[in-house]
Amino acid sequence: MLTIVTNSAEETKEIGYRLGRILQGGDIVCLTGDLGAGKTTLTQALAKGLDVDDYVTSPTFTLINEYNGRYPVYHMDVYRLEDVDEMYDLGYEEYFYSDGVTIVEWANLIEEILPEERLNIQLKRGKEGNEREINIYGKGERYEEIIRNLKSVSSS
Ligand code: ADP
Ligand code: MG
């Protein structure tokens, strides 16, 4: 597990950008944290690191937005999902098991259908207004590798 404390949106974006540079097609990034924790802010930086030129906004009403970067980038926000069954209607498997990178906000709400191997990022507000604690942990060889890579770029 990698824990990083940031003190501004810019610092969080810096982490997101570095992680975005490391991501590859097929990777799944699951974001959890309260409203305003920084999930969308982080996603925007991940997309930038994935060479997405478009401005990334939360797909609150559409559930999913697709972007073209180094890989296809699928950004889901399942906050308004009423039932996990809606994910089946959406054909979520096409995204999770694809050559694209899938980023899910509020991933905890669809835990039961998430692939076991994935990168989890939990964002928590700290004591100060702009402080955030970011916990990154991965399950599976690929995601452990991502964390090792992220640690080595973070310390250089
Ligand atoms: P979420 O998608 O989790 O609801 P957003 O990314 O939309 O959250 O909003 C986070 C808000 O908090 C943004 O307005 C951002 O500028 C602000 N913010 C302040 N400090 C930080 C920080 N350290 N990391 C991320 N966002 C921060
Ligand atoms: Mg959001």
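Which residues is Ile121 in contact with, leaving aside its neighbours within four places in sequence? I looked this up in a model that is predicted. I found that Ile121 contacts Val29, Cys30, Leu31, Leu42, Ile134 and Ile136 once those neighbours are set aside.

**Entry: the nonpolar core**
I then turned to the largest nonpolar core, which holds 34 residues. The members that touch the most others are Val29, Cys30, Leu31, Leu46 and Ile121. I note as background that nonpolar side chains tend to be buried together in soluble globular proteins.

**Entry: helix 2**
I next examined helix 2, which covers residues 39-49. Eight of its 11 residues are buried, so helix 2 is largely enclosed by the rest of the structure. I listed the buried ones as Lys39, Leu42, Thr43, Gln44, Ala45, Leu46, Ala47 and Gly49. I also recorded what these buried residues pack against: helix 1 (9-22), together with strand 2 (28-32), strand 3 (64-68), strand 4 (72-77), strand 5 (101-105) and strand 6 (119-125). After helix 2 comes Asp51, for which I noted a positive phi, near 65°.

**Entry: helix 1**
For helix 1 I read a length of 14 residues. From its first C-alpha to its last, helix 1 reaches 20 Å, close to the 20 Å expected at 1.5 Å a residue. I found Thr12, Lys13, Ile15, Gly16, Leu19 and Gly20 buried in helix 1. These residues cover an arc of only 160° around the axis, which puts them on the same side of helix 1. I set beside this the general geometry: an α-helix has 3.6 residues a turn, so residues three or four places apart point the same way.

**Entry: Tyr17**
Is Tyr17, a residue of helix 1, buried or exposed? I recorded Tyr17 as partly exposed, because 17 other C-beta atoms lie within 10 Å, whereas a buried residue needs 20 or more. Leaving aside neighbours within four places in sequence, I found Tyr17 in contact with Ala45, Lys48 and Gly49. I also checked Tyr17 against Leu119, which is 102 residues apart from Tyr17 along the chain; their C-alpha atoms are separated by 15 Å.

**Entry: ligand 1**
Last, I looked up the surroundings of ligand 1, where I found 17 residues. Thr12, Gly38, Lys39, Thr40 and Thr41 come nearest. Helix 1 and helix 2 are the elements that give two or more residues to this shell. By class, I recorded the shell around ligand 1 as three nonpolar, 10 polar and four charged residues. I note that Thr12 is also among the buried residues of helix 1, and Lys39 among those of helix 2.

Methods: Residues numbered from 1 in each chain as written. Chains lettered and ligands numbered in written order. Predicted model: local features only at pLDDT ≥ 70, side-chain atom pairs only at ≥ 80, totals over all residues. Buried ≥ 20, exposed ≤ 12 C-beta atoms within 10 Å, placed from the backbone. Helix = DSSP H or I, 4+ residues; strand = E, 2+ residues; numbered from the N terminus. Contact = placed C-beta atoms within 7 Å. Near = placed C-beta within 6 Å. Nonpolar A, V, L, I, M, F, W, Y, C, P; charged D, E, K, R; others polar. Expected span 1.5 Å × (residues − 1). Arc of directions from axis to C-beta. Core = buried A, V, L, I, M, F, W, Y, C linked by C-beta atoms within 7 Å.
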